[in-house]
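Trainee: Have you got a minute to look at a model with me? I'd like to talk through the fold.
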Amino acid sequence: MKDENCIFCKIANGEIPSRTLYEDEDFRVIMDLAPATKGHSLILPKQHYKNLYEIADDTAAKVLPLAKKMANLMTEKLGCDGFNIIQNTNEVAGQTVFHFHMHLIPRYDSDGQNLTMKAHETPAEELDAIKQQIIK
Ligand code: AMP
Ligand code: ZN
């Protein structure tokens, strides 16, 4: 399924040119136009899924092995020191393009990027209550 109004559908299926690093029947991996670090890339499924809630399980199952393959390739070729992989679902989480994509962000010891989370000290009872809310 494709969405004719979706720019990532057009990029993933080759209708709009991109800096493609990898392609197979299910995915295209492209360089991000505004990279957070050197080599920042995006895994795009060729089918249109809006986000994590909607991606088909069989496609989702192929995303992490592909992320690993690309991380190994970029580590070898770019000499990065680590990786962040990020998937934003919905505006609240920072999603701006509503076609599922996984960010591949090579990290370098001195890249100056800050992708760390703000941690909240939380009482044990509150953690227990949240756990019950999720699994009950
Ligand atoms: P997100 O905020 O998770 O939806 O990420 C969207 C990402 O897509 C951002 O990092 C943008 O820089 C990137 N982006 C948007 N349009 C293009 C494009 N035409 N080609 C490559 N990257 C793009
Ligand atoms: Zn799309």
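Mentor: Sure, let's go through the sheet, a loop residue and the cores, bearing in mind that this is a predicted model.

Trainee: In what order do the strands of the sheet come?
Mentor: The order is β1-β2-β3-β5-β4, five strands in an open sheet with antiparallel pairing. β1 (20-23) and β4 (82-86) are at the edges with a single partner strand each, so one side of each has no neighbour in the sheet. From one strand to the next, the twist averages 20 degrees.

Trainee: And how many bridges do β4 and β5 have?
Mentor: Five, in the antiparallel sense, with β5 covering residues 102-107. I86, for instance, has H103 in β5 as its bridge partner.

Trainee: Which strands does helix α2 lie across?
Mentor: α2 (residues 57-78) lies across β1, β2, β3, β4 and β5, at about 40 degrees to β2.

Trainee: Switching to N88: buried or exposed?
Mentor: N88 is buried, because its relative accessible area is 17%, under the 20% cut-off. N88 sits in the loop between β4 and β5. Beyond its neighbours within four places in sequence, N88 contacts A93, G94, Q95 and H103.

Trainee: Which residues touch the most other members of the largest nonpolar core?
Mentor: I43, V63 and L104, out of 13 residues in that core. α2 gives the largest share, five residues. Setting aside residues up to four places away in sequence, the contacts of I43 include V63, L66, F100 and L104.

Trainee: What about a second core?
Mentor: There is a separate one of eight residues, among them C6, A12, I30 and L44.

Conventions: Residues are numbered from 1 along each chain as its sequence is written. Chains are lettered from A and ligands numbered from 1 in the order in which they are written. This is a predicted model: local features need pLDDT of at least 70, side-chain atom pairs count only at pLDDT 80 or more; totals for chains, interfaces and linings use all residues. Side-chain values use heavy atoms; hydrogens and water are left out. Two strands pair if DSSP finds at least two bridges between them. Helices (H or I, at least four residues) and strands (E, at least two) are DSSP runs, numbered from the N terminus. Axes are lines fitted to C-alpha atoms, for helices over the stretch in contact, and angles run from 0 to 180 degrees between N-to-C directions. Contact means heavy atoms within 4.5 Å. Buried means under 20% relative accessible area, exposed over 50%, partly exposed in between (1.4 Å probe, protein chains only). A nonpolar core is a set of buried Ala, Val, Leu, Ile, Met, Phe, Trp, Tyr and Cys residues joined through side-chain atoms within 4.5 Å.
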